[in-house]
Amino acid sequence: KDLPLAVFLFDHVPDILGQLGADPKKKKKDGKKAGYRSDVLVNSTVDDLEEDVLKDLCDLYEMDVLFMRDLGFTTLCDQLL
């Protein structure tokens, strides 16, 4: 089955929401709000991941990585897949 797909940068989301009649400033979730995320998540970076864990994540998101590659973006997964 064919699926329609829209590709745009996240910077454009407010404009797109506005064009669809949605309030681009309304937040259902606020990741910047204190206590929303655990300190472990807030203070972690990709450098904190062991290579095997990063490989597992790359495998899980392989289709996304391939799609990003097709769009001309590079990722840390490029070297692992």
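What pattern does the protein follow when read along the sequence? In this predicted model, the answer is α-α-α-α. The secondary structure comes to four helices and zero strands, so there is no sheet to talk about, by the rule that strands are DSSP runs of at least two residues.

On overall dimensions, the radius of gyration comes out at 17 Å, against the value near 12 Å that a compact globule of 81 residues would have. The C-alpha trace spans about 45 × 40 × 25 Å along its principal axes. Burial is scarce: 6% of the 81 residues count as buried. The protein exposes about 7,700 Å², and carbon and sulfur atoms supply 56% of that area. As for the contact map, take the contacts with a separation of 6 or more; residues 24 or more positions apart account for 29% of these.

What little interior there is can be named residue by residue. The largest nonpolar core has five residues, namely Leu 54, Cys 58, Val 65, Cys 77 and Leu 80. Cys 58 is a handy place to look from: once its neighbours within four places in sequence are set aside, Cys 58 is in contact with Val 65, Cys 77, Leu 80 and Leu 81. Three of those partners, Val 65, Cys 77 and Leu 80, are listed in the core as well.

Nonpolar side chains also turn up on the outside. A surface patch is formed by Leu 5, Val 7, Leu 9, Phe 67, Met 68, Leu 71 and Phe 73, with about 630 Å² of accessible area together. One of its members, Phe 73, sits in the segment after helix H4 (62-70). Phe 73 counts as partly exposed because its relative accessibility is 39%, which falls between the 20% and 50% cut-offs.

The loop between helix H1 (13-19) and helix H2 (39-43) holds Pro 24. In sequence, Pro 24 and Val 13 are eleven residues apart, while their C-alpha atoms are 7.7 Å apart in space. Beyond its neighbours within four places in sequence, Pro 24 is in contact with Pro 14 and Leu 17. With a relative accessible area of 37%, Pro 24 is partly exposed.

Turning to charged pairs, a search of the whole structure finds three salt bridges. In one of them, Lys 55 pairs with Asp 59, and the closest N and O atoms are 2.8 Å apart. Both residues lie in helix H3 (residues 51-60), four residues apart, or about one turn of the helix. Lys 55 is partly exposed at 30% relative accessibility, and Asp 59 is partly exposed too, at 35%.

Another bridge links Asp 78 to Arg 69, with 3.1 Å between the closest N and O atoms. Here Asp 78 has a relative accessible area of 22% and is partly exposed; Arg 69, at 34%, is also partly exposed.

The remaining bridge joins Asp 30 and Lys 27, whose closest N and O atoms are 3.8 Å apart. That distance still qualifies because the cut-off for a salt bridge is 4 Å. Which of the two classes applies to Lys 27, buried or exposed? Lys 27 counts as exposed, at 54% relative accessibility, whereas Asp 30 is partly exposed, at 27%.

Note on methods:
Residues numbered from 1 in each chain as written. Predicted model: local features only at pLDDT ≥ 70, side-chain atom pairs only at ≥ 80, totals over all residues. Heavy atoms only, no water. Patch = residues over 30% accessible without salt bridge, like charges linked within 9 Å, V, L, I, M, F, W, Y side chains within 5 Å. Areas by Shrake-Rupley, 256 points an atom, 1.4 Å probe, with all protein chains shown as cover. Buried < 20%, exposed > 50% of the residue type's maximum accessible area, 1.4 Å probe, protein only. Contact = heavy atoms within 4.5 Å. Core = buried A, V, L, I, M, F, W, Y, C linked by side-chain atoms within 4.5 Å. Rg over C-alpha atoms; globule rule 2.2 N^0.38 Å.
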